[in-house]
Every structure is written in C-alpha cells, then in structure tokens.
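User: Could you take me through the aromatic rings in this protein? I'd like a close look at how they pair up and where they sit.

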Amino acid sequence: MARRGADPFVLLLEAPVPEALPDLLHADGVLFDLDGVLTPTAEVHMRAWKAVFDDVFARWSIEPPYTDADYFDYVDGKKRYDGVASLLHSRNVEVPWGAVDDPPEAETVCGIGNRKNAAFAATLRAEGIAPYRGSLALVERLHAAGVPLGVVSSSKNAEEVLAAAGIRSFFRVVVDGVVAERESLSSKPAPDMFRAGAEALGVDPARSVAVEDATSGVASAAAAGYGVVIGVDRGAGADALRRVGATVVVDDLAELLPDPTPSTASRGAASDADAPADPSAPDTEETA
C-alpha cells in the first residue's frame, strides 16, 4: 500500500515491480533507446553487420568467425565507428580510422561502418519498419499523461527510423549519432548521451527513467545517474543487463503498462516476432 503523502517516484524506486511499473507516469521524464526498444530495427542492424563482417573476416582470414555474440559484446548500442573498432580490436586487428566521408569500399574503420550503413539503409527503405506493439502502447500512455519523452540512440539513422515508424511526434527530443558527433559526445557506455538527453529534455536524471536493450546503453544510463534503468531483454540476457545497472528487466514494454494489453491505436505495429510492416501502410496517428 502506498504511503500517504509519499513521493510517487520514490515509491517507484522502492516498491516491488508489480506496484512500481504503473508509477512510470510519475517520472520527470522517460528516455528510450530506439533500435530494439521502440522498433525491431536492431534485427536489421544485426543482419547488416553480419553481412559486412562475414565478408571482411573471410577476405582478411580473421578468426574466430563473427557471431551474434560479437554483436552484443562489441557493437550493440555503440556509435557505428566505435563498434567497428571495438569488434576488430577483439580480434587484434587494427586498421586506419579514416574519415566519415570514406566510401563504403574503403578498408578503414569509417569505410567499413559506412558499408554497413548503406546495407542498413537499403533494407529499411525496401522493407519499412513498425514499432513494437508493446512499446507503442506504453509511449501512447505516457504521452497522453503528459510525461516528457525523448530518444537517446547511437544511430545516425534515428530520425529516419522514427519517421518511417510514424512515432517521431511523440518525442520532444532526439539525441542520436548525429548529435553525438556534432557535440563530441562519447559513445555508450559512457554517460554522455543519456546525460545530454536529460539536459535537452529539461529533466533530472535521478527522477527520470531510461529504457535500453543493450548492456552498453544500460551502463550509460546508470552512469548518467538515472533513478530507474529498465532493461528490455531482446537477446543481451537479463543477468547481463542487471550486472551493468538495470533496476528492472522486462521482455516487452507492454509489461510496464497497468493493463498489459496494447491499446487499439497500436494495431498494425510489430510484435517481437513480426517482420517489418509494409512501408506503404499509413503512419500511426500523430498526437504530439
């Protein structure tokens, strides 16, 4: 039972999970990662990275072969070029950093990163994307309650993905890879991006909630001082998310709703297992 006169956000920090989750409505703000949290674009990123690294590893005779575990350990949640450098470093491979305008065929960190981005962008434009049903339902609920919402994503494609998914209007601020490069913000797991997200949204991290699916992102939010860090287990593993600072771990953001059934407005959004939606389908109604 809630204590009379108690701060709802303090209750969110103290209460058992079933009581705490509905109190997200009392947070100063909620900041979401994008890929794997709001949209299933993490799957598209994974396929693009695998295609690129399988080719690089084969041509350069790098061992052991690239695996999905490498994505979660070295790439997931980081800025594109940092992910390339981290993965190659894990195999004791060093290549020149290059420049952000390197062509995709360049054998540099930036060239490899740009090669991956070209593959990702082609897939996104061909297949489209839809938000997870549970994620959209939670965003709608929080937005309707007037909770300030933001996106903190290492991807330089964040604005395009949000627009393609029809959900850009729900978020007051977007701190993405473009912003990080412009403002010289360090990649997750450093606290810079989530700290910048709270500043842009005008909220106190200690009274706000971060939602992440990557261990690097969870660590970033925890280091930035967020009062609640929710880990969404899309493959990183609940224990791994908790070890780096997740205070709550869920499989789907619908679990954070008082009623876990997604709202009727979220029909047509992607479930965890759904393929990306037809890009010709109408966007979600914009309410911002």
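Analyst: Let's start with a term we'll need: a residue is called buried when its relative accessible area is under 20%, exposed when that area is over 50%, and partly exposed in between. Keep in mind that this is a predicted model.

Now for the rings. The structure holds 8 aromatic pairs. One of them joins Trp49 and Phe53, which are stacked, with 5.3 Å centre to centre and 10° between the planes. Both residues belong to helix H3, where they are 4 residues apart, or about one turn of the helix. Trp49 and Phe53 are both buried, too. They also have company: together with Phe57 and Tyr66, they make up one aromatic cluster.

Tyr81 and Trp97 give you another pair, this time edge-to-face, with 6.4 Å between centres and 75° between the planes. This pair links distant parts of the chain, since Tyr81 is in helix H5 while Trp97 is in the loop between H5 and helix H6, 16 residues apart. So are these two buried or exposed? Tyr81 has a relative accessibility of 9%, so it counts as buried because that is under the 20% cut-off. Trp97, at 42%, is partly exposed.

Some rings have a charge for a neighbour. Lys116 lies over the face of Phe120, 5.0 Å from the ring centre. Likewise, the charged end of Arg234 sits over the ring of Tyr132, at 3.7 Å from its centre. Arg234 turns up once more with Pro40: the two are 194 residues apart along the chain, yet their C-alpha atoms are separated by 9.5 Å.

Definitions and conventions: Residues are numbered from 1 along each chain as its sequence is written. This is a predicted model: local features need pLDDT of at least 70, side-chain atom pairs count only at pLDDT 80 or more; totals for chains, interfaces and linings use all residues. Side-chain values use heavy atoms; hydrogens and water are left out. Rings of Phe, Tyr and Trp (its six-membered ring) pair if their centres lie within 6.5 Å; planes under 30 degrees apart count as stacked, over 60 as edge-to-face and the rest as tilted. Helices (H or I, at least four residues) and strands (E, at least two) are DSSP runs, numbered from the N terminus. Buried means under 20% relative accessible area, exposed over 50%, partly exposed in between (1.4 Å probe, protein chains only). A charge sits over a ring if NZ of Lys or CZ of Arg is within 6 Å of the ring centre and within 35 degrees of the ring normal.
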